[in-house]
Amino acid sequence: MSEWIVRFSRRQRVEHLLTMVLFVVLAVTGLPQKYFESSWAEWVVAAIGTLERVRWIHRLAGILFGLLLVTHLVTVSVLTVTGRAALTLVPTRKDFADAVTQLRYYLGVSDEQARCGRFDYRQKFEYWGLLLGGVAMTLTGLILYLPIQTARVAPGELIPVAKVVHSNEGLLALLVVVVWHIYNAHLAPEVFPMDTSIFTGRISRERMQHEHPLEYEAILAQQRRAAEAAAAGEGAQAGAAPAGNVLEDPERAEARDRVSPLEP
Amino acid sequence: MSEGILRRSRDACAALLLLAVTAGSGEGAAGRQVPQRPPDADECLACHGEEELALDLPSGERLALHVDLAPMIGSVHEALRCADCHAGMTEVPHPAIEARNARELTVGLQATCRRCHFATYTKTLDSVHAAVMAQGNLAAPVCTDCHGAHDIRRPGQPRSRISQTCARCHAGVSAAYAESVHGRALIEEANVDVPACTDCHRSHDIADPRRPAALLQTPELCGSCHADERRMQKYGLSTKVLQTYLADFHGVTASLQRVGRGDPPRLAALCIDCHGVHDIRPVDASGSPLMRQNLLMVCRRCHPSATEKFPDAWLSHYEPSWDRAPLVYGAKLFYAVFIPFVVGGLGLQILLHIWRMVVNR
């Protein structure tokens, strides 16, 4: 059996890469505007050239981020409605139970660890934090970009509210990424120095067994069924063979709960 | 810049205090028994006491050479010798004057002041006045135009004298200032808290106030008084004006436009753009453009397409509270709790994770 399993489709990897680049650009051009009185803020503005250029870059990156967000939402909606993707990121009651189990484990109250599926409760938390935070940042960013137009259709006080939300939500996002995401993707002993799966799209079988045992078991079960079906209906209907196309089309892999051994 | 103003106003206060103390002890300038006079006055007045003494200049102007000693008595230089300033004039007959006209002679005599007041003279070289002079405009003021020649007194005593001095050339600005909240307090009440011309513009190194770099300094300039709790509480004025301005979009823009390269294409709204420059009036004066109902007109100076609700985006220098801008305050409060809660919680889980790993070993 292969030692690597496909975890992320090309679309998901590109989405992550774009989000990462835009996030850094937005943070670099946004933070100096929040901490405008600090000397490093002045340094950043001077290094980029002028405040006007800083804002231009920030707004361009913000618009691209908003477009990425909308594209993501539309894509996921279409894939879900057409049955080509499962809602593996929707929080369930089990996630709350998992969090409690895991906390009890960390505290040494029990030795039982939570057994998670495709995404554990931490990853779901981060995904929804980014998604909802992204929506808040995009909407408030647009209000700050177009204050005159905003005041035409909404109370003027919405503009300073948007400034407070944009400023604080941006800081929160940065702190979550610096503290939480950098720890989980780089510093945690399990992945140190770096979890490469979001860039390569694949995850080792060993980590899969440890971190996503329920998903791993589902994959094994599915592969077994597929093998049985193939053996039973050999040569009957080519279109019904599921395992063959999975390698070429990661999007379809999602539809089959990622039943996709990948040859290294 | 603001430090200079503080220092100057402190000096002015100290000078006033000294004056009060010395006047009380009867030893001040007014109480002095025998007025000083230049030690060589008699010698010079032998000729320059003549009413008719004059010199014809190449320009055709007739330069009066008669010296009246009266204005010199009580001047800060009253004990100097005539020749201390009029160097080279100890020779009789005097060396020939090279100036073609009276103005050239006056301008040339600046070198005289420089001999003692070198630091001050050097400062004037950075001024907009010196820049105008350097362009060949001899009408630009030199030392004696502001300070006088034989009758030099302390320029800021009383402080209202400062604006009178500037008014000799800047009549329009001075008239507007005299009607402003600052000008009226200075001229009518001899108020020492309000700025005279030199408090904002400085005295010797007066920069061109129209330069973007100078304009972008105005928040700190106004703030040097308006963020000063002791000075403002006398008048019941809020000291939050500077911080609330800076925290707003205009203030952030002005702060960061200063550090960018080159001049910004369009400056952020500064204190003076809403409140005025020389004609600043109290915001609660009737008909003030800054009254809430008139504010849209002020916004439209820069945002011509602004509509009725747009001025509500500006919190009028108030810090958000439940009474003022409750939505803004609520949002601030929410994040003040939410950010530490989330980040603290995540940090705690990371520490627990590490702790369990260590324990497992």
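**Group meeting: contacts in a two-chain model**

Let me start with one contact in chain B. The charged end of Arg324(B) sits over the ring of Tyr318(B), and the distance to the ring centre is 3.6 Å. Chain A has a contact of this kind too. There, Arg202(A) lies over the face of Trp4(A), 4.3 Å from the ring centre. Keep in mind that this is a predicted model.

Now the interface. Chain A puts 51 residues into the contact, and chain B puts in 47 residues. About 4300 Å² is buried between chain B and chain A. Carbon and sulfur atoms give 68% of that area. Who contributes on the chain B side? Leu256(B), Tyr335(B) and Arg356(B) supply 16% of the area that chain B buries against chain A. That is more than any other three residues.

Next, the polar side of the interface. How many salt bridges are there between chain B and chain A? The count is 1. The side chains of Arg356(B) and Asp111(A) meet in a salt bridge, 2.7 Å from N to O. Polar contacts across the interface come to 15 residue pairs, both residues at pLDDT 80 or more.

Which helices does chain B use? On its side that touches chain A, α16, α17 and α20 of chain B each supply at least two residues. The largest share comes from α20(B), with 21 residues.

Take α17(B). This helix runs over residues 249–257 of chain B and is mostly covered. Of its 9 residues, 7 are buried. Among them are Gly251(B), Val252(B) and Leu256(B). So Leu256(B) turns up twice: it is buried at under 20% relative accessible area, and it is one of the three residues that lead the buried area of chain B against chain A. What covers the buried residues of α17(B)? The cover includes α1 (10–34), α2 (39–48) and α3 (51–81) of chain A. From chain B, α16 (241–247) is part of it.

On to the rings. Over all chains, the structure holds 8 aromatic pairs. Tyr105(A) and Tyr106(A) make a tilted pair, because their planes stand at 50°, with the centres 5.9 Å apart. Both partners are covered. Tyr105(A) counts as buried at 8% relative accessibility. Tyr106(A) is buried as well, with a relative accessible area of 3%.

Chain B gives a stacked pair: Phe334(B) and Phe338(B), 4.9 Å centre to centre, with 20° between the planes. Both lie in helix α20 (residues 326–360) of chain B. They are 4 residues apart, about one turn of the helix. Phe334(B) is partly exposed at 44% relative accessibility. Phe338(B) is partly exposed at 28%. Ring pairs also bring in Tyr335(B), giving a cluster of Phe334(B), Tyr335(B) and Phe338(B).

Back to chain A for one residue. Arg104(A) lies in helix α4 (residues 93–106) of chain A. Its relative accessible area is 40%, so Arg104(A) is partly exposed. Leaving out residues up to four places away in sequence, Arg104(A) touches Val109(A) and Ser110(A). The C-alpha atoms of Arg104(A) and Ala114(A) are 9.8 Å apart, and the two residues are 10 residues apart along the chain.

Last topic: salt bridges. Side chains of opposite charge can pair when their charged atoms come close. A search of the whole structure finds 22 over all chains. Arg7(A) bridges to Glu215(A), with the closest N and O atoms 3.5 Å apart. This pair links distant parts of the chain, 208 residues apart. Arg7(A) is in the loop between β1 (4–6) and α1 of chain A, and Glu215(A) is in helix α10 (residues 213–232) of chain A. Both residues are buried.

In chain B, Arg159(B) and Asp199(B) meet at 2.6 Å, N to O. Arg159(B) lies in the loop between α8 (143–147) and α9 (160–167), and Asp199(B) lies in helix α12 (residues 197–201), so the pair ties together parts 40 residues apart in sequence. Both Arg159(B) and Asp199(B) are buried.

Then there is Glu188(B) with Arg184(B), closest N and O atoms 3.9 Å apart. The two are 4 residues apart in helix α11 (residues 181–189) of chain B, about one helical turn. Glu188(B) is exposed at 57%. Arg184(B) is partly exposed at 39%. Finally, a network: shared partners join Arg7(A), Arg118(A) and Glu215(A) through salt bridges.

Note on methods. Residues are numbered from 1 along each chain as its sequence is written. Chains are lettered from A and ligands numbered from 1 in the order in which they are written. This is a predicted model: local features need pLDDT of at least 70, side-chain atom pairs count only at pLDDT 80 or more; totals for chains, interfaces and linings use all residues. Side-chain values use heavy atoms; hydrogens and water are left out. Buried means under 20% relative accessible area, exposed over 50%, partly exposed in between (1.4 Å probe, protein chains only). Contact means heavy atoms within 4.5 Å. Rings of Phe, Tyr and Trp (its six-membered ring) pair if their centres lie within 6.5 Å; planes under 30 degrees apart count as stacked, over 60 as edge-to-face and the rest as tilted. A charge sits over a ring if NZ of Lys or CZ of Arg is within 6 Å of the ring centre and within 35 degrees of the ring normal. Buried area is the accessible area (1.4 Å probe) that two parts lose on being put together, summed over both. A salt bridge is a side-chain nitrogen of Lys or Arg within 4 Å of a carboxyl oxygen of Asp or Glu. A polar contact is a pair of N or O atoms within 3.5 Å; within protein, one must be able to donate a hydrogen and the other to accept it, and residues adjacent in sequence count only if both atoms are side-chain atoms.
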